[in-house]
Amino acid sequence: MSNLARTTDQLGLMSSSSLTSELDGNPPLWVTHKTGDIHDDIYINNARLLITHSNFRAKNLKGYDQVLHKIDEVLVPVMSPKSVSNPIYNPTAWDFIEQFESLNINPYRVRSFRQRVQQTKKEDIFNAEGGNTFFIPVDEGFKNSRPESIDAKVIDGHVIPKHVLFTAPTTKDISYDTLANVDNMKVYISFSEETHGKSSAIYVKSHNRLADSAHTKGVVMAEIVKANIPVKNGVVHLIHKPLMVVDNTVKQFLEVYQAPTLNKKKNLYFNVAFAGNNKTLTVEGGGVNATVIQSDLAATNGIIHIIDRVLGVPYSTVLDKLRTDPLLNQTYILGKRSGFNQQLNDTTRKFTYFVPRDKAWKDASIDLPSAIKKLFMEDFTYHANQILERHLVISDIPYTMERIKQLTNDTNLSYPHKEVELPTQRDSLSLFVKENRDHSFVIYWKGEEIPVFRPNVECTNGVIHVIDRPFLKDGDIRVSKASNLQFAPHLIMLLIAKFLLL
């Protein structure tokens with residue numbers, strides 16, 4: 001009940017305003033006018049006026065005008081139980097947070113968020129006058145060290161100023177500014193509705209379109225677990241987790257570069273590619289490199305990253321993969337200069353290519369600085385070709401890591417491993433493979449332990465194994481004052497033999 005008699009015509013002029021109710025403390029009744037395709041609707045808090053059952057006019061015993069409207073939902077005020085010594089009437093959003101326990105809104109608690117608001121001295125934004133929308137995460141959402149990530153800017157990102165948004169009248173997927181819109185940060189919030197079988201749930205989505213070093217850009221979705229709680233200065237929605245904060249972001253995947261999948265022998269590999277000031281997040285799975293076009297969508301049971309193509313169905317040749325993978329630039333450049341790469345586009349052959357990633361070449365340049373420097377010079381493309389030939393196997397079917405491991409394990413031997421010789425373009429490659437408990441692989445070659453960074457990158461004409469060190473020994477390339485570049489004796493004999501066959 002309000003102490004003002006208003007018809008629907010009069011209420012329709014009061015978009016996002018309020019009426020004073022007759023309850024103790026005179027809490028407001030928030031009026032929202034929503035324009036529809038067929039007719040306009042008027043909401044009191046979250047309840048819709050049934051227009052055909054409204055505007056019943058009369059006078060009370062004192063002769064004052066009265067208007068009766070029928071609504072489709074019971075209005076529930078914020079009140080503490082009668083047993084409380086200091087009952088709450090018409091609280092602000094901060095009163096609601098500060099005295100939450102006395103309201104007996106089971107089974108929820110908001111202690112964690114309240115502590116962060118107090119520690120960051122942000123109480124004033126929840127006491128601000130006018131009509132605002134407040135999102136309060138419940139304690140259940142504060143797991144995995146969440147409280148430490150809720151700073152002043154994140155708290156600002158939980159408030160939409162100058163709009164009182166109840167779930168029913170608010171248009172879905174419309175973005176609203178938050179208090180976290182400043183020069184170096186732009187955070188917006190929108191409502192969405194998702195259907196799960198026969199039930200549906202309302203979510204709020206925060207979108208960090210511009211973020212600083214302490215806050216990740218991206219989208220976070222939180223379910224509204226208790227909606228439409230009217231307060232003196234707006235409306236409160238309890239949400240199941242904080243906005244602007246994600247458990248497993250792409251950034252965290254990048255820190256480990258890989259993430260396990262349901263297939264224990266298959267991983268996903270994340271990478272960030274830079275082009276000037278722009279950065280692009282990519283993910284590889286089963287030989288397919290996809291671009292992350294929308295990251296960090298937080299659902300109730302995990303995180304969603306939207307990509308631009310299906311993983312696990314290879315569509316690139318070995319050459320295409322080298323050309324497009326941001327971690328394989330150096331090997332691609334080395335092969336392009338020597339003309340070595342041309343054969344890798346042949347779809348009538350099956351290749352197994354052990355490809356050192358960029359970091360592998362960088363690490364090798366520390367151990368063999370002069371040799372690696374010359375290897376990447378244009379004057380020595382012929383010699384670079386010889387080294388790359390050692391990394392390439394051509395056979396009827398490609399050698400997966402599992403196949404190589406099987407060939408190098410012989411139960412008839414007292415020692416559990418034997419070296420297998422793979423017929424490469426340059427000599428032969430003698431090695432054996434060990435699989436770790438986490439299903440990663442290590443190649444043992446000439447006393448070197450070489451981790452396989454990405455095994456079994458499938459291509460349409462073979463497979464790539466991305467390795468953490470090239471098949472290169474100090475004695476393979478000798479640099480001296482007398483000669484710019486010298487090959488070890490066994491390589492010299494191979495070069496002579498090849499020359500005589502021409």
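## The main nonpolar core

The largest nonpolar core holds 31 residues. Within this core, F96, I97, F113, F126, I136, V236 and L238 have the most contacts. Several elements each supply at least two of its residues: helix 2 (93-98), helix 3 (111-119), helix 4 (123-127), strand 7 (132-137), helix 6 (152-156), strand 12 (218-231) and strand 13 (234-239). Helix 2 gives the largest share, four residues. The model is predicted, so local features need pLDDT of at least 70.

F96 shows how this core is knit. Leaving aside residues up to four places away in sequence, F96 touches V78, P91, L103, I105, I229, V231, V236 and L238. A separate core of 29 residues lies apart from the largest one. Its members include L322, L327, W361 and V466.

## The chain as a whole

The protein chain contains 14 helices and 27 strands. It has 502 residues, and 46% of them are buried. Its accessible surface comes to about 26,100 Å². Carbon and sulfur atoms own 51% of that surface.

How much of the contact map comes from residues 24 or more positions apart? Among contacts with a separation of 6 or more, such residues account for 54%.

## Aromatic pairs

Two rings pair here if their centres lie within 6.5 Å. By this rule, the model has nine aromatic pairs. One of them joins F96 and F100: the ring centres are 5.4 Å apart and the planes stand at 90°, so this pair is edge-to-face. F96 and F100 are both buried.

F432 and Y444 give a stacked pair, with 4.8 Å between centres and 10° between planes. F432 belongs to strand 22 (residues 429-435) and Y444 to strand 23 (residues 441-445), so the pair ties together parts that are 12 residues apart in sequence. F432 and Y444 are both buried. Elsewhere, ring pairs link F113, F126 and F134 into a cluster. F113 and F126 also appear among the residues with the most contacts inside the largest core.

## Charges over rings

Two arginines sit over aromatic rings. R209 lies over the face of Y188, 4.3 Å from the ring centre. R357 places its charged end over the ring of F453, at 3.8 Å from the centre.

## Strand 12 and its partners

Is strand 12 mostly covered or mostly exposed? It is mostly covered, with 10 of its 14 residues buried. Strand 12 also supplies at least two residues of the largest core.

Strand 11 (residues 199-210) runs antiparallel to strand 12, and six bridges join them. Across this pairing, V204 stands opposite A222 of strand 12. Strand 12 pairs with strand 13 too, again in the antiparallel sense, over five bridges. These two strands form a hairpin with two residues between them. In this hairpin, V231 has G234 of strand 13 as its bridge partner. V231 is also one of the residues that F96 touches.

## The four-stranded sheet

An open sheet of four strands runs in the order 1-2-3-4, with antiparallel pairing. Strand 1 (17-20) and strand 4 stand at the edges, each with a single partner strand, so one side of each is left without a neighbour in the sheet. The partner of strand 1 is strand 2 (residues 28-34), joined by four bridges in antiparallel fashion. One bridge sets S17 against V31 in strand 2.

After edge strand 4 comes a loop. I51 has its place there, between strand 4 (47-48) and strand 5 (56-59). I51 is partly exposed, with a relative accessible area of 36%. The C-alpha atoms of I51 and D41 are 8.1 Å apart, although 10 residues separate the two along the chain.

## Helix 3

Which residues of helix 3 are buried? They include S112, F113, R114, R116 and V117. Charged residues therefore do not rule out burial here: R114 and R116 count as buried because each is under 20% relative accessible area. K121 follows helix 3 and has a positive phi, near 55°.

Conventions: Residues numbered from 1 in each chain as written. Predicted model: local features only at pLDDT ≥ 70, side-chain atom pairs only at ≥ 80, totals over all residues. Heavy atoms only, no water. Phe/Tyr/Trp six-rings, centres within 6.5 Å; stacked < 30°, edge-to-face > 60°. Buried < 20%, exposed > 50% of the residue type's maximum accessible area, 1.4 Å probe, protein only. Lys NZ or Arg CZ within 6 Å of the ring centre and 35° of its normal. Contact = heavy atoms within 4.5 Å. Areas by Shrake-Rupley, 256 points an atom, 1.4 Å probe, with all protein chains shown as cover. Core = buried A, V, L, I, M, F, W, Y, C linked by side-chain atoms within 4.5 Å. Pairing = 2+ DSSP bridges.
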